[in-house]
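Please open the model in your viewer and keep the sequence panel beside it. The tour below goes from one selection to the next and says what is found at each stop.

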Amino acid sequence: MTEKIALVELPGGWPKDAPPRSAFLGLAPLGVGGESFEDLASYFRRLAELHLMRPWTLAMRAVAPVISGKSERGRRSIADVCYGLSMNGVTKLADQWVDALSQLTLRNDLHLRTLLPLRDIVPRYKLLSQTERYCPLCYLDDENNKRPKYNRLLWSLDCVKACPVHNVLLVEVRSFASNEGRPFFLPGISRLDGTSLAAANATPATDEQSCMARMTAHLLDDIHHHPEVFESNCSPAPFLKFAINKLFAGVAMNFAQHLGVGKGELSGWTSGDVRPSLPRLLQIAYCCGCAVSDVILGNKVMLRRVALLSPPPVLAPKRRNGAKRPTDVLLTELEAIVKSGAARHGKQAADLLDVSQKYLKKLSPTSWDVLVQRGAEDRRMRTVNRRESRFAEFNRSHAALARKMGLTPTRRDVHEDVFRRTGIRYRFVEGHDFLHRARAIAARPENTRKAR
Ligand SMILES: [Zn+2]
């Protein structure tokens, strides 16, 4: 049974009927509308700064225990989320973060700082951006208005490519390896050198990109202000039928051409079998000159044809071309790869053939099994080799210290010597095992004779 964590306590001597006090210091998320709402990840990073802690530490010490109880591993996986965008998304994880932070701050509006309100309205596909992006001019506005720099929720949406306020393209934040960059960073601050990102170059966006960003911001506003309208009846099919009749005299093919999508794709949407993703809903609304909410709710509003100037984005670009070759050619190449040992595992073979792993598995299940077994054996051998090379260093230090000191060295002495020489650190259990092995080697008759 997990112990209940007391999140809210009254200081001693306070009247019992005093209002509850939050565990975290008070901080309000910034922004007032769809274009300027702060996202939850940015809010949490600013909250950590207010508590003079790194976000990870605050997440590990205060948020993770509320979500995952006492398991160290579970708490670490929750805390690791704090630098990414996933807490802004629509998954269970985002739900858990919102609940935990709501309990700790006693705020009830934090779900509006995520994409959770969109969860039942649009498909999850291509909803949350995979990378953190920002508008340098928005940061500059923050600085000029003497408020903290913060990230807008709108930038977390994958389909938004530009800032609707400044009409410039969003800039991607470079990702860093765990040992690179500064460990503590706030929104708007470069993790590399700690300078303000407001100084970054801003590239002008096209009118289309800015307009689509604005339309997405309006959708967020609509959903925030009238959540009850979106509770049921979210099906774009009636709107599409209406648009085909109004704009193209009932000819679906012409409408599909106008949108720049295939007829099959459009027919899936109009039949209601497939729900268009947010980027596609945006494209439909833009091409019909109406709001995204109108498409989602099937509103019969005034429509006009608006042509797309740039080709519609390919949502799932094909990255591999190998499968275009005839099957027998691929099978011969695969056989040669397996025989020659050129691939150590399935992924490597798939890369060599320029096909996906799924395709390769289907192409030749027998060869795939061989590659999988080879991969497993390869991984096992690498683990053994790594362990043995770590032990070799341990034993080297152990033997050298034993010669120098004339008696059996302690584990700590060996650890310090190895760390000084190689920078290798040993875990407790590993060091314990290695010490036993090293002592057993030292106690062999040939080694004791040498020592004498
Ligand atoms: Zn901006």
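Select F230, which sits in the loop between α6 (207–225) and α7 (237–248); helices (H or I, at least four residues) and strands (E, at least two) are DSSP runs, numbered from the N terminus. This is a predicted model, in which local features need pLDDT of at least 70 and side-chain atom pairs count only at pLDDT 80 or more, while totals for chains, interfaces and linings use all residues. Residues are numbered from 1 along each chain as its sequence is written.

F230 counts as partly exposed because it has 19 C-beta neighbours inside 10 Å. On this scale a residue is buried if 20 or more other C-beta atoms lie within 10 Å of its own, exposed if 12 or fewer, and partly exposed in between, with C-beta atoms placed from the backbone. Leaving out residues up to four places away in sequence, F230 touches I121 and I223, where contact means that the C-beta atoms of two residues, placed from the backbone, lie within 7 Å. Add S293 to the selection: its C-alpha atom is 8.9 Å from that of F230, although the two residues are 63 apart along the chain.

Next, select helix α8 (residues 252–259) and colour its buried residues, F255, A256 and L259. Seen down the axis of α8, these fall within an arc of 100°, so they line one face of the helix; the arc is that of the directions from the helix axis to the C-beta atoms. They pack against α7, α9 (263–271) and α10 (278–288). After α8 comes G260, whose phi is positive, near 80°.

On the other side of α8 in sequence, look at A249, in the loop between α7 and α8. A249 has a positive phi of about 50° although it is not a glycine, and it counts as exposed because it has 9 C-beta neighbours inside 10 Å.

Now show the largest nonpolar core, which has 74 residues, and mark V63, L281, L282 and A285, those with the most contacts inside it. Such a core is a set of buried Ala, Val, Leu, Ile, Met, Phe, Trp, Tyr and Cys residues joined through C-beta atoms within 7 Å. The largest share of this core, 8 residues, comes from α10. With neighbours within four places in sequence left aside, A285 is in contact with M215, C290, A291, V292, D294 and V295. A second, separate core has 9 residues, including L330, L334, V355 and L360.

Turn then to helix α3 (residues 72–79), where R75, I78 and A79 are buried. These residues cover an arc of only 95° around the axis, which puts them on the same side of α3. Part of their cover is α2 (55–68).

For the last stop, how do helix α15 (residues 365–405) and helix α16 (residues 411–422) pack, at what angle and with their axes how far apart? The angle is about 115° and the axes are 9 Å apart; axes are lines fitted to C-alpha atoms, for helices over the stretch in contact, and angles run from 0 to 180 degrees between N-to-C directions. To see the contact itself, select E393, F394, S397, H398 and L401 in α15, which meet D413, V414, D417, V418, R421 and T422 in α16.
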